[in-house]
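User: I would like to go through the strand pairing in this model, one sheet at a time. Please reason briefly before giving each answer.

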Amino acid sequence: MPIVKTLTGFTILSLFCFGVPAAAQDSALPLDKIKLPPGFSIDVWAQVPNARGLTLGKNGTVFAGSASEGNVYAITDTGKARDVRVVASGLSMPIGVAFRDGALYVSAINRILRFDDIETKPGQSVKPTVVTDTYPSEKHHGGKYIGFGPDNLLYVAVGVPCNICEPADSFALISRIRPDGTGYEVFARGVRNSVGFDWHPATKELWFTDNGRDWMGDNLPPDELNHAPRKDMHFGYPYCHADIPDPKYGAKRDCGKLTPPVAKFEPHVAPLGMRFYTGSMFPAEYRNSIFVAEHGSWNRRNKIGYRLRVVKLKNNKVVKQEVFAEGWLEQENAWGRPVDMLVMPDGALLVSDDFAGVIYRISYRKP
């Protein structure tokens, strides 16, 4: 395995894994346990260790970040086989990936890295450019989800270095910067730990998930889906969780003057990735709906989450939410944990699973 040292603290690899025939990528996972609406099916699309954030390159390459593995993967689909290769290794929690103008952007705790022309250099080591290294380096909630908005700015979520605290101004927010790393500004505050956001296809407004605090009991507080149509909104943390004052900090702010969530999820389901469905494969009722990956609880007496949820909108308002896919949790034992999603050009939905180490493909055929 050729390893090329590039910058202090990480390595860039030129590593190809052998392509695995598409028909052989079913793995041993019990996919028959996954319950989906009629007409939908789920398959293992690729085996990717600790797969987290997903993004799509201009030439059809799917890029996946990771957390514990410290790798960034490139997956190419030839139709007959999918090649999975490591394009960066030795990074610190590179969960976030984004693509723009031929370049792959990767978050690595305090740094945003850019890999130029990465799709045009298969099998070659690509030396990254450090776009910025000024983000917080704390690892508690330190993995940073990233994505380019309709304004061509890179949005970077920054979680809090605690369960509940009054953090410094550099935490509990969603920021944005220019592609070259300049022009840093805070877009939204009071965000405890967002690991997924997207923009409404019509309004171009930001929507994001947020994970509620722990140790208020099994049934408090709810996790959140939020809507930020403009800059400088405050979403409550650490003073309010939805409309519930925090036991320690709630007296410092009026919850009625902070921005409430547009949808509440069950407590501790850990909503991570969220995507507006913009494809044409699924039935029309799913168009512009939001799919949410519930990663699953870690400290609740009875586990909850480990599923996909769909949130339906009308006139830019949430009107309904329901479970879309479940079955990764069986009698308190989880064999999979959904993380992020990606709508593919053919309308199928890719779903990363960091626990099972795969990327699923959910497709639809009229029954």
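User: Over how many bridges do strand β11 and strand β12 pair?

Analyst: In this predicted model, strand β11 covers residues 103-108 and strand β12 covers residues 111-115. The two strands pair in the antiparallel sense, and the number of bridges between them is five.

User: Which residue of β12 does Leu104 stand opposite?

Analyst: Leu104 falls within strand β11, residues 103-108, which pairs with strand β12, residues 111-115. Across that pairing, the residue in β12 that stands opposite Leu104 is Phe115.

User: Which strands are the edges of the open sheet that has the order β10-β11-β12-β13?

Analyst: This open sheet has four strands in the order β10-β11-β12-β13, with antiparallel pairing. An edge strand here pairs on one side only, and this applies to β10 (97-100) and β13 (129-132). From one strand to the next the twist averages 30°. The edge strands are therefore, by the pairing criterion of at least two bridges between strands, β10 and β13.

User: In what order do the strands of the open sheet that includes β24 run?

Analyst: The edge strands of this sheet, each pairing on one side only, are β18 (197-199) and β24 (263-265). The twist averages 20° from one strand to the next. With antiparallel pairing, the four strands of this open sheet have the order β18-β19-β20-β24.

User: Which residue in β19 stands opposite Trp199?

Analyst: Strand β18 (197-199) ends at Trp199, and three bridges join β18 to strand β19, residues 206-210, with the two running antiparallel. The residue in β19 that stands opposite Trp199 is Leu206.

Definitions and conventions:
Residues are numbered from 1 along each chain as its sequence is written. This is a predicted model: local features need pLDDT of at least 70, side-chain atom pairs count only at pLDDT 80 or more; totals for chains, interfaces and linings use all residues. Side-chain values use heavy atoms; hydrogens and water are left out. Axes are lines fitted to C-alpha atoms, for helices over the stretch in contact, and angles run from 0 to 180 degrees between N-to-C directions.
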